[in-house]
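Colleague: Could you take a close look at one loop residue for me, and then fit it into the rest of the model? I'd like to follow along with the structure open.

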Amino acid sequence: MKVLVIGGGGREHAIVWKLARSPLAPDIYCAPGNGGIGEIARLVDIQVDEVDRLLAFARTEGIDLTVVGPELPLSMGLVDRFQEAGLKTFGPRRMAARIETSKVFCKELLLKYDVPTARAEVAEGIDAARRLLDRRPLPLVIKAEGLAAGKGVVVAATREEADRGLDELSGLGEASRRILIEDFLSGEEMSFLVLTDGERALPLGTARDYKRVFDGDQGPNTGGMGTLSPSPLIGQDLEEVILKRIIGPTLRGLSREGEPYRGVLYAGLMLTSQGPMVLEYNARFGDPETQVILPRLQSDLLALMEQVAGGGLPSTIDWRSEASVCVVAAAKGYPGPYRKGDEIEGLDQVGQSEGLFVFHAGTYRQNEKWLTRGGRVLGVTALGNGMEKARERAYAAIRQIRFEGMHYRRDIGLTKSGQTIA
């Protein structure tokens, strides 16, 4: 069996790693991949937005299943093109993927179908957004309408922060053509993933993500500086509430709008005093949430994806009992302009023991050396009997890795008071 994974970050490395462990023993290709992925799959020198070339490759190579990692090819209708060519593909079609690629579409859908979410208004451009700020209470959240690689959201406690945030969003081009300004929700953030055939949904793990670049949730938002799984906030009762009040109405709403959703759906939620509310949806696996969820997955990921891509849904998913923690090693300057080409040392000392993984996000191999290429360079993930043990193992491993300007958060898996999350 031949499988093509599209993407080249830590999420895709985790997906490829898990697919490679399938009893079906697939031949795996990854476009474009990265240095770490190249150790376990065949790299294909095609970028994620080159849909025509990807389609031609899949046809020529006889790919049996294509798995889409990032959001950009989804927004370009890659799944539509592949399916129209008769190729089995895991991921939503372009119109359904708008639940991530258009924040305005997502908000309007949620409000229309009574899915709990923050109240919001839409501004047509940066200048209109500034005028809207004059009559909005603080704190508030400002979101660019389109895709912004995890950098299109600003949480502002003061008018100065709001104005500065709009200045930042103005540099996103078309993504900031429309601006969403919404009420600030207070509470605890959590991530909830499901597999869905468009009608039914099956939970695919929970996680907590740490978005801010510095300890104590300080500094600008990033694509994610670390994560843990399972989320200690989501027990059986809350899971049922989320499925009934959030996931179910969302899927029914998409179907009624003529855009049934098939694939993995990621809900970013805030647990407020009124219950869980939607912050955002992603139309694919989260990053770095995938790096902690897939190591805990006991079921065959390839079999799950094949079934969903064929229009079905498994009856159950099996999980390991251990907790999982991932700490991201980032390049100097990230999430702003960052260094590239620095040698990574210490990787040979990590990942040799059971339940310890290093997922490459921004690396390449040159002259037998590992070098940095991205802002988020590595995700060091560890399993453990309980969150404290998983956290200890992850930090012990990341301390063995070195490159110029490397930085990472020291509080992944801790509460605000500095206690290990139970």
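Why does Asp217 count as partly exposed?

Modeller: Because its relative accessibility comes out at 31%, Asp217 lands in the partly exposed class. That class is what lies between buried, under 20% relative accessible area, and exposed, over 50% (1.4 Å probe, protein chains only). Before going on: this is a predicted model, so local features need pLDDT of at least 70 and side-chain atom pairs count only at pLDDT 80 or more, while totals for chains, interfaces and linings use all residues. Residues are numbered from 1 along each chain as its sequence is written, and side-chain values use heavy atoms, with hydrogens and water left out.

Asp217 sits in the loop that links β12 (212–214) to β13 (218–221). Helices (H or I, at least four residues) and strands (E, at least two) are DSSP runs here, numbered from the N terminus. The backbone of Asp217 is worth a look too: its phi is near 55°, a positive value in a residue that isn't glycine. For background, most residues other than glycine have a negative phi, and most peptide bonds are trans.

Glu368 also has a positive phi, about 65°, without being a glycine. You'll find Glu368 in the loop between β20 (363–366) and β21 (369–372). With a relative accessible area of 67%, Glu368 is exposed.

While you're in the loops, check two cis peptide bonds. One joins Ser229 and Pro230, with omega about 0°, and Pro230 belongs to the loop between β14 (226–229) and α9 (236–256). Another runs from Tyr334 to Pro335, with omega near 15°; Pro335 is in the loop between β17 (323–330) and β18 (343–344).

Now for a strand that is mostly covered: in β19 (residues 356–360), five of its five residues are buried. In a regular strand the side chains alternate between the two faces of the sheet. On one side of β19 are Leu356, Val358 and His360, on the other Phe357 and Phe359, and both faces are covered. Strand β19 pairs with β22 (residues 376–384) in the antiparallel sense, over five bridges; two strands pair if DSSP finds at least two bridges between them. To find your place in that pairing, start at Val358, which stands opposite Val380 in β22.

Over at the start of the chain, five strands make an open sheet, in the order β3-β2-β1-β4-β5, with parallel pairing. The edges are β3 (42–43) and β5 (89–90), each with a single partner strand, so one side of each has no neighbour in the sheet. Further in, β1 (residues 2–7) and β4 (residues 65–68) run parallel and are joined by four bridges, with Leu4 standing opposite Thr66 in β4. Helix α1 (residues 10–19) packs on this sheet, touching β1, β2 (27–32) and β4, and its direction makes about 165° with that of β1. Contact means heavy atoms within 4.5 Å. Another helix, α11 (residues 301–309), lies across β1, β4 and β5 and runs at about 95° to β4. Such angles run from 0 to 180 degrees between N-to-C directions, using axes that are lines fitted to C-alpha atoms, for helices over the stretch in contact.
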